[in-house]
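The following exercises are to be worked with the sequence and the model at hand. Each task is followed by a solution in steps.

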Amino acid sequence: MTGKNAARQENQGNCFHAFNAGSLPRRGSYFMTEPAQAIAVTDLHKRFGPLEVLKGVSLTARQGDVIAIIGGSGSGKSTFLRCINMLELPTSGSVAIHGETISMKKDGRDGLQPSDRKQVERLRTQLGMVFQSFNLWQHMTILQNVIEAPVHVLGKSKAEAIETAEALLRRVGLFEKRDAYPAFLSGGQQQRAAIARALAIQPLVMLFDEPTSALDPELVGEVLAVIGDLAAEKRTMILVTHEMKFARNVANHIVFLADGVIEEQGPPEEIFDAPKSERLKKFISSIH
Amino acid sequence: MTEPATPDATTHAMAFTPEDLPTSDSFFKPHRIVLLLLAAALVFSIAWFMRWDWLPRYLPRLGQGILVTLAMLVSTSILGFLIAVPLGLVQVTGPWPLKALAKSFCTVIRGTPLLLQLWLLYYGLGSLFPQFPAIRQSFLWPYLRESWPYGVAALTISFAAYEGEVMRGAFAGVPAGELEAGRAYGMSRWTVFRRIWLPRAIHRALPTLNGETVLQLKATPLVATITVIDVYAVISKVRQDTFITYEPLLLLALIYMCLTAILVLAFRTLENRIPTRGA
């Protein structure tokens, strides 16, 4: 716990690193050495047909940040997260991973598409995505799931990948299940395996897309414990979640999305104890 | 979807466990003894009262016929499957001209009898070919003069069309999230296809493929109508030579049943390599 608090303390300086389109970033310029930029999203728009889900969202994550994105359903949280690794293609705006901007071109309609697929594939290995519905590959054992990307994307040797994978599985408490198939695991176990799989590519940033929403209530705890553990070791993470208590405990920055814009953001104490905007006040009271 | 696993779920992963197999004890139950006796009596009377004196004379030819049948089955199933994969795939993801082409191929082939296709190829195409000197002089001519290439072609096309539909369903049925997970960790399209989409689709399609392959086995006797000497043709020869009806046909049924059993067991072994739960 003390380690986690220390981590938060260190990040106090740049707690305003996420900002709405148009406004200037108010970074902690009094900090002599800022942690390097892990993810920078600028003025992201996303339209599904006539429906504009994201209306200009900008967010910067520095290394060591744990950012929790909260908001009601349909507020665009998941879409935003999926735009970061281009699983969803933004209509306009830009995304930079570790300072490298993903080059995009017009797709002929009114959206964008990556102009260099190889670049997207390379940058995606910096992002460890954890899905709401786990999405483990059902035809592989847990161990095979975890070594798949290191071997077939990063080109590591199988022996090396297995060594890393077994350490990760030990860490999430699934070492004994390494030869089981996903269908024979509980939801909580599957999600922990999925976290190990995402960690196996040694990503710069972990992305969590509502990691506990598909779980039975009694299984939520074990998954949150693993994520909390990652936050404690200062791993950079962006987390879309409905678990407010958890978000408050692990995140050093909370972003409240409403109707496709960042309605309010700040450190957890401010967001949960002193919400300014009406909508955030309503949202906070509705979940208590 | 998220039900908690029973503690022993992983140890019972196999769909077909050794406990399911009969042991020597399990044969000594009254009803089983009666059935065993009945079966023994049946086998005895078939062997004793029917005529089998022709069998030794035809045994070598029967063996060859079985090999031809198996060669037809294996080659056309493998070739057909290799064609079926792209046929199924373009129907799920392809651009519309390819999609339409694949769709109409499957519809036409599945909508016409295999016997008709076989005869169109052999009597139609096969009699057209000799009229072109270029074909007669090509290196393929020694094969095109034979009948088996037409049998292989017809059976392959038919299998491809049926399997194309099966694979279309199998490709479409692989959860999008699993493909997305592959992309999310930096896999290229080809890697996603090779490592996730295809193996997952084949695994899903295996039970259906099993049935289709058994049907394919039983479609092979049609090649006897274009003078390929498979096991069915050998048995027909026996009947013409000896004027015996039942015995050769019974033997033929037995042979096909044994081949089917081998196929089913082989597929079951494949299916059990990756255990599934429920469904």
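**Exercise 1. A pair of helices in chain A**

Task: Determine how the axes of helix α6 and helix α7 of chain A are placed, and which residues make the contact.

Solution. The model is a predicted one. Step one takes the axes: those of α6(A), residues 187-199, and α7(A), residues 217-232, come within 8 Å and cross at roughly 15 degrees. Step two classifies the angle. Angles under 35 degrees count as roughly parallel, and α6(A) and α7(A) are therefore roughly parallel to each other. Step three gives the hand, which is right-handed for this crossing of α6(A) and α7(A). Step four lists the residues: α6(A) contributes A:G187, A:G188, A:Q191, A:R192 and A:I195, while α7(A) contributes A:L219, A:E222, A:V223 and A:V226. Sorted by class, the residues of this contact of α6(A) with α7(A) are four nonpolar, three polar and two charged.

**Exercise 2. A second pair of helices**

Task: State the angle at which α4 and α5 of chain A pack, and classify the residues of their contact.

Solution. Two packed helices are described by the angle between their axes and the distance between the axes. For α4(A), residues 142-152, and α5(A), residues 158-171, the angle is about 130 degrees and the axes are 9 Å apart. That angle makes α4(A) oblique to α5(A). The crossing in which α4(A) passes α5(A) is right-handed. On the side of α4(A), the contact is made by A:I142, A:L143, A:V146, A:I147, A:P150 and A:V151; on the side of α5(A), by A:K158, A:A161, A:I162, A:T164, A:A165, A:L168 and A:L169. The contact of α4(A) with α5(A) thus comprises 11 nonpolar residues, one polar and one charged.

**Exercise 3. The six-stranded sheet**

Task: Establish the strand order of the open sheet of six strands in chain A, and identify its edge strands.

Solution. Reading across the sheet, the order is β9-β10-β11-β4-β12-β13 (chain A), and the pairing is mixed. The edge strands, each of which pairs on one side only, are β9(A), residues 127-130, and β13(A), residues 261-266. From one strand to the next, the twist averages 15 degrees. At the β13(A) edge, strand β12(A), residues 253-258, runs antiparallel to β13(A) and is joined to it by five bridges. Within this pair, A:L257 has A:I262 in β13(A) as its bridge partner. A helix also lies across the sheet: α2(A), residues 77-84, lies across β4, β9, β10, β11 and β12 of chain A and runs at about 150 degrees to β10(A).

**Exercise 4. A hairpin**

Task: Describe the pairing of β2 and β3 of chain A and the turn between them.

Solution. Strands β2(A), residues 37-48, and β3(A), residues 51-62, pair in the antiparallel sense over nine bridges. One position in this pairing is A:L44, which stands opposite A:V57 in β3(A). The two strands form a hairpin with two residues between them, and A:G49 in the turn has a positive phi of about 60 degrees.

**Exercise 5. The contact between the chains**

Task: State how many residues chain A and chain B give to their contact, and which elements of chain B take part.

Solution. The contact takes 30 residues from chain A and 27 residues from chain B. On the side of chain B, the elements that give two or more residues are α8 (176-184) and α9 (189-219) of chain B. The residues on that side of chain B divide into 13 nonpolar, eight polar and six charged.

Conventions. Residues are numbered from 1 along each chain as its sequence is written. Chains are lettered from A and ligands numbered from 1 in the order in which they are written. This is a predicted model: local features need pLDDT of at least 70, side-chain atom pairs count only at pLDDT 80 or more; totals for chains, interfaces and linings use all residues. Two residues are in contact if their C-beta atoms, placed from the backbone, lie within 7 Å. Helices (H or I, at least four residues) and strands (E, at least two) are DSSP runs, numbered from the N terminus. Ala, Val, Leu, Ile, Met, Phe, Trp, Tyr, Cys and Pro count as nonpolar, Asp, Glu, Lys and Arg as charged, and the others, Gly among them, as polar. Two strands pair if DSSP finds at least two bridges between them. Axes are lines fitted to C-alpha atoms, for helices over the stretch in contact, and angles run from 0 to 180 degrees between N-to-C directions. Angles under 35 degrees count as roughly parallel, over 145 as roughly antiparallel, 65 to 115 as roughly perpendicular and the rest as oblique. A crossing is left-handed if the near helix is turned anticlockwise from the far one by less than a right angle, and right-handed if clockwise.
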